[in-house]
Amino acid sequence: MIFQTIRQQQPLIHCITNYVVANFQANGLLALGASPVMADDSHEVEEMVAIAEALLINIGTLNDRTKEAMLLAGKKANTLGIPVILDPVGAGATVYRKETVHLLLTDIQFAVIRCNKGELAALVNVEWQQKGVDSGDGFIDIETEATLLAQRYNCIVIVTGEHDFMTDGVQSQWITGGNSQMTEVTGTGCLLSAICGAAYSSGEDPYSQLVETLTYYKKAAELASAFTEDIGDIQIALLNALHRLSKEGEASCIL
Amino acid sequence: MIFQTIRQQQPLIHCITNYVVANFQANGLLALGASPVMADDSHEVEEMVAIAEALLINIGTLNDRTKEAMLLAGKKANTLGIPVILDPVGAGATVYRKETVHLLLTDIQFAVIRCNKGELAALVNVEWQQKGVDSGDGFIDIETEATLLAQRYNCIVIVTGEHDFMTDGVQSQWITGGNSQMTEVTGTGCLLSAICGAAYSSGEDPYSQLVETLTYYKKAAELASAFTEDIGDIQIALLNALHRLSKEGEASCIL
Amino acid sequence: MIFQTIRQQQPLIHCITNYVVANFQANGLLALGASPVMADDSHEVEEMVAIAEALLINIGTLNDRTKEAMLLAGKKANTLGIPVILDPVGAGATVYRKETVHLLLTDIQFAVIRCNKGELAALVNVEWQQKGVDSGDGFIDIETEATLLAQRYNCIVIVTGEHDFMTDGVQSQWITGGNSQMTEVTGTGCLLSAICGAAYSSGEDPYSQLVETLTYYKKAAELASAFTEDIGDIQIALLNALHRLSKEGEASCIL
């Protein structure tokens, strides 16, 4: 199972990410046996990404200093064949985010874009009422738009929500399961994006590895929710579930 | 009850805050059903605050980049009639903080100032030995000084501590209860300030909404403390208590 | 016991640190009764460090703005006789980190360097394959190199790992115990460095205070691990253990 493979391979994931979820992302990667490294300055990101197995670019608390680092790290990763994951947090909330995402997509070849449907709408210019970094309200044909986006940027697109949709522009599928408590704590989507980096780099068939990742991340959510109804406990329960799944595999899924 | 109202209204709270407590603040707002968005760069804060129901300005890990963003966001919020909450973390600890707070108070009309007594002393120029971001030592007539401060800046002033004092310059009251464990974990005051933003925007009588907020935040502290004597558990126990109070109201207060 | 002494003395620890672990560090210091203050801007660090009992410099998410603040704060601390602790996170991972650490060591007299063996290798120019901020792979004679480093910079050097080594360049010792779960969550080393600042400033015999700190930090790890096998719970279990040790001393060590 992919989480067990990650634990065997222990990939180093370079995260240029936001300060709201950095601790949770680091612990989530560690829970799977991956190694996180957070470094966001242009003086060092090219060197840091060169020793990593994957790069995560998350625009959650963006500024011009980190934007420059994202561009440098992403281009370097492309040169070295290191997969780059984009998490366009709140892409539709401001022009600055939208333009930055456009610039990133123009200059960097991403392996995966992991977003919610509001962010998808921003990326494909569908009218949408984004609510900060939440998905917000509007109507979008996820299958069509995600597929077009995947084709345009030649990458895998993952749109998470109650059900997750994933496509590489040719094949596609829905992943069901999970628990709505995941939306009641911050960073569960951000962590998933980081884990997608670990999963992408752990094997020879990234598409299957990512499908499995989405499936078992939802399973981890179910395990966490079965453990507690209290929202404060969920972050930790999710880390525990990821840890168990990566150590014991499916056996730990029996509730 | 105000926490239930927040859950119904789901206000978006734009936080320009410090990186020490950002995760806890985000999860605390989510625990009440509010939506947090952290964005601190001048390129986007005016646009972000425009879609928010309240703005929190917290100077905990201040620098010139975020200071500029605070000023831009605060002025924009004033233009749009969006309430702005000030959390002058460690205002008395350095000249830089004191001057920044003075500048913020001069340029922005705040709806609420939420501080501890050491920070109050800094705001009203009472001699005080501030200890970093803790309240520190000294003597201050909280009632008199908070009332004068509220009158000078035409806003509500909340001074939290063992007992909380709140005034709008005319009426005032003390709120008792709570638990001293709250001072043994970081960010409980910062989270309260963020929640004040959510509460202020959720109804037509901000003063009453804030009194209720202080009352039930202390109740949440009691619920959390009843759950555990261990300090590591308190952050999570507080999130759980806030979550329950916002879902089940007073019924969840029976210990 | 040193944690009890820290609780009595309540030292203020000024941390210039990374945003990944800032919350955990703050709560860890609070769990021992110390007071954390995070401030990283050159406008205020000299003033902030002047009211602190110790300064922590942690380069985990370094940039030029915080680098300047580190230099200013460190020099000011030296002038005032306030002990400075260096945590050279991932020192060997990039040239930027290595050069910054060299500059810090040249301009500031540190009281303690707390590192892992990969970071030690970077500081003494031993060939090493650093893996991000993890210790990585290579061979190094810890005793010899740490002793030389301590002599060169006239400070205490602590190299943590499965066993911890500590030396002031003359005397030295190994500290055993602990639990490998500590390496599966982020920030346990960073927190230890912050606690070393609190311990150093709490008494007249820093060397002994630090030996005791390492001993009881490992004891706290054992207590935490005895409480849970789940990695998500460990951060909190460690905070709980530190809290108990600082309140009840050795009595709380009986498993």
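**Exercise 1.** Determine how much area chain A and chain C bury between them, and how many residues each chain brings to the contact.

*Solution.* Chain A and chain C of this predicted model bury about 2500 Å² between them, 51% of it on carbon and sulfur atoms, where buried area is the accessible area (1.4 Å probe) that two parts lose on being put together, summed over both. The contact, meaning heavy atoms within 4.5 Å, takes 30 residues from chain A and 29 residues from chain C.

Local features need pLDDT of at least 70 and side-chain atom pairs count only at pLDDT 80 or more, whereas totals for chains, interfaces and linings use all residues. Residues are numbered from 1 along each chain as its sequence is written, chains are lettered from A in the order in which they are written, and side-chain values use heavy atoms, with hydrogens and water left out.

**Exercise 2.** Find the count of salt bridges between chain A and chain C, and describe the one that involves A:Arg244.

*Solution.* The count is 2 salt bridges, each being a side-chain nitrogen of Lys or Arg within 4 Å of a carboxyl oxygen of Asp or Glu. In one of them, A:Arg244 meets C:Asp230 at 2.5 Å, N to O.

**Exercise 3.** Describe the contact between chain A and chain B, starting from its residues and ending with its salt bridges.

*Solution.* Chain A gives 29 residues and chain B gives 30 residues. Of the area that chain A buries against chain B, A:Tyr19, A:Lys131 and A:Glu184 supply 23%, more than any other three residues. There are 2 salt bridges between these chains, including that of A:Asp230 with B:Arg244, whose closest N and O atoms are 2.5 Å apart.
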